[in-house]
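New to this one? Have a look at the sequence and the model below, and then we'll walk through a few spots together.

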Amino acid sequence: MWIIGVIIVLVAIIIMLILFNIKIHKEINNYKNINQKINGLNVLQDFMATVGDAISVDEKIRKINEILIEEYDIKYSTIVEFNGTEYVIKASNVEEKHWDNLRSLHNEEIFRDSITTATPKYITVDQENERLPYQKSEFGRAKAAMFFPLYIENVYIGYWIIESGVPHAFDNIDTTILEVVKDNILSVFRIVNYQNIVESLTREDYYSALKTSEYLFNEGRKIIDKYTTSTICMIGIANLERINKEFNRETGNQVIIDMCDYIKENLSSEYIFVRYMGPKFVIAFSGAEVDGVTRFVIDLKNAVENLEVEMVEDNKENNKKGKKRIAKIKLNIVLTTYYKGTALEKILKKQEEYIDNAPITEYDVNNI
């Protein structure tokens, strides 16, 4: 009987151990899930911080790719964008000599179905001496790969591919984590899309030879945000419309040219001068306080208003008779403090509204 008793005790112990192991296993899995969520949240925070950095769209995507490689211990990661006409590698830690191959993966039979159905594709080799189907001449670099087509609102925008030098490297990887990463990549593409548009719109104004306002929100902001505070100065040619009517539009254009030439000659190269819109111009005094800028701006205003702009006359007979009509410039100027990281566009909107609503006879320098 005692043997039966011992067996019952042993069975009970075994059952208890099994139950204990199951509990421990569940706790470990819960810990892993919590840890993965925390890690995913940290990565997402890194992503969002990168989006907010004062760097170009291309630099942001490259930085995001670096975060992926570091945080998820990925050997190779490549993000390829389809811009509507061609495939462009936006970020990759693969040697550049392999980029032609990586930007042509949409032509590979093995990935076409993946792109069509918007589903990931996992491929691997079994032996070290084998190579993946899309590799033309590179032996030994990648032995396993996961391919993710990228779609935003059912619009195909490219793909993301991760690779490993070890066969079957992604056999047991949690694909849900990679799907979350892919979604984060797409979120970043959505967010930076506007910035991409702004960068592509930046151009040079014909008459003033200045960059347009888009430059201020992109490259210019990188310079401004090197400092904690800066002064934003909006200049409005208050009487430009009157000059256009009393003289002609050609004279109005010459007023813009002469004013901008004078300001450029007397403005430090570290400051940003752009044509904002119509008769309005903006100078960003990066790193300068309003009090330090005010005296300079008053002197600048007085000098510009003393310029004599001769009427641009098409009538040669009037020119021969020596008849000259002189246009004088009147400026309305607003100064505001800009704090790094705040909404520059709101400051400019407020300045613009102030100038637009100012009395037609107001030609002052104001702090708002």
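Which residues in α9 meet which residues in α10? On the α9 side they are M259, Y262, I263 and N266, and on the α10 side they are F296, L300, A303 and V304. Keep in mind that this is a predicted model. From that helix pair we'll move on to the aromatic rings, and then to a residue in a strand.

**The helix pair**

- Helix α9 covers residues 249–266, and helix α10 covers residues 290–305.
- Their axes come within 11 Å and cross at roughly 145°.
- If you're wondering about handedness, the crossing of α9 and α10 is right-handed.
- Back to the residues where the two helices touch: M259, Y262 and I263 are among those from α9, with F296 and L300 among those from α10. The contact breaks down into seven nonpolar residues, one polar residue and no charged ones.

**Aromatic rings**

- There are 13 aromatic pairs in the structure.
- One of them joins Y151 and Y156, with 5.4 Å from centre to centre and 50° between the planes. That pair counts as tilted, because its angle is neither under 30 degrees (stacked) nor over 60 (edge-to-face).
- The partners in this pair sit a little differently: Y151 is partly exposed, at 22% relative accessible area, while Y156 is buried, at 16%.
- F273 and F281 make another tilted pair, 6.3 Å centre to centre and with 45° between the planes.
- Both of these rings belong to buried residues: F273 has 9% relative accessibility, and F281 has 0%.
- Ring pairs also tie F82, Y87, F111, Y134, F147, Y151, Y156 and Y159 together into a cluster. So you'll meet Y151 and Y156 again there.

**A charge over a ring**

- Take a look at R325 and F247: the charged end of R325 sits over the ring of F247.
- The distance from that charged end to the centre of the F247 ring is 4.5 Å.

**N366 and its neighbours**

- N366 lies in strand β13, which takes in residues 365–367.
- Is N366 buried or exposed? N366 counts as buried, because its relative accessibility is 18% and the cut-off for buried is under 20%.
- Leaving aside residues up to four places away in sequence, N366 touches N332, I333, V334, L335 and Y354.
- V334 is 32 residues from N366 along the chain, yet their C-alpha atoms are separated by 4.8 Å.

Methods: Residues numbered from 1 in each chain as written. Predicted model: local features only at pLDDT ≥ 70, side-chain atom pairs only at ≥ 80, totals over all residues. Heavy atoms only, no water. Phe/Tyr/Trp six-rings, centres within 6.5 Å; stacked < 30°, edge-to-face > 60°. Buried < 20%, exposed > 50% of the residue type's maximum accessible area, 1.4 Å probe, protein only. Lys NZ or Arg CZ within 6 Å of the ring centre and 35° of its normal. Axes fitted to C-alpha atoms, helices over the stretch in contact; angles between N-to-C directions. Helix = DSSP H or I, 4+ residues; strand = E, 2+ residues; numbered from the N terminus. Left-handed = near helix turned anticlockwise from the far one by under 90°. Contact = heavy atoms within 4.5 Å. Nonpolar A, V, L, I, M, F, W, Y, C, P; charged D, E, K, R; others polar.
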